[in-house]
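Visitor: Please take a close look at one part of this model, the loops, and place them in the chain as a whole.

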Amino acid sequence: MTDRIKRPKKENLPTKICATCGRPFAWRKKWEKVWTEVRYCSDRCRGNKPAATT
Ligand SMILES: [Zn+2]
């Protein structure tokens, strides 16, 4: 399983990979001024720490 699936050119929204859950998420209006600093897909992920590697 992989999330690295190329999507058709439907939207030109930039995307990032969430630092917590590792899933891609798309640009949102509320992030327009802080997009460069956004690292998490949601507030929940923002509050969670990435799964520790053993
Ligand atoms: Zn996330």
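Guide: What follows goes from the whole chain to two loop residues. This is a predicted model, in which local features need pLDDT of at least 70, side-chain atom pairs count only at pLDDT 80 or more, and totals for chains, interfaces and linings use all residues. Residues are numbered from 1 along each chain as its sequence is written.

The protein has 1 helix and 2 strands, in the order β-β-α from the N terminus. Helices (H or I, at least four residues) and strands (E, at least two) are DSSP runs, numbered from the N terminus. The pLDDT, the predictor's confidence in each residue from 0 to 100, has a mean of 85 for the protein, with 74% of the residues at 70 or more. Strand β1 (residues 15-17) has the highest confidence, at 97, and helix α1 (residues 43-47) the lowest, at a mean of 93. Where pLDDT is low, the predicted coordinates should not be read in detail.

A residue is buried if 20 or more other C-beta atoms lie within 10 Å of its own, exposed if 12 or fewer, and partly exposed in between, with C-beta atoms placed from the backbone. Of the 54 residues, 2% count as buried.

The loop between β1 and β2 (24-26) holds Arg 23. Arg 23 is exposed because 12 other C-beta atoms lie within 10 Å. Its C-alpha lies 7.9 Å from that of Cys 41, 18 residues apart in sequence.

The loop between β2 and α1 contains Thr 36. Thr 36 is exposed, with 8 other C-beta atoms within 10 Å. Between the C-alpha atoms of Thr 36 and Lys 16 there are 9.8 Å in space and 20 residues along the chain.
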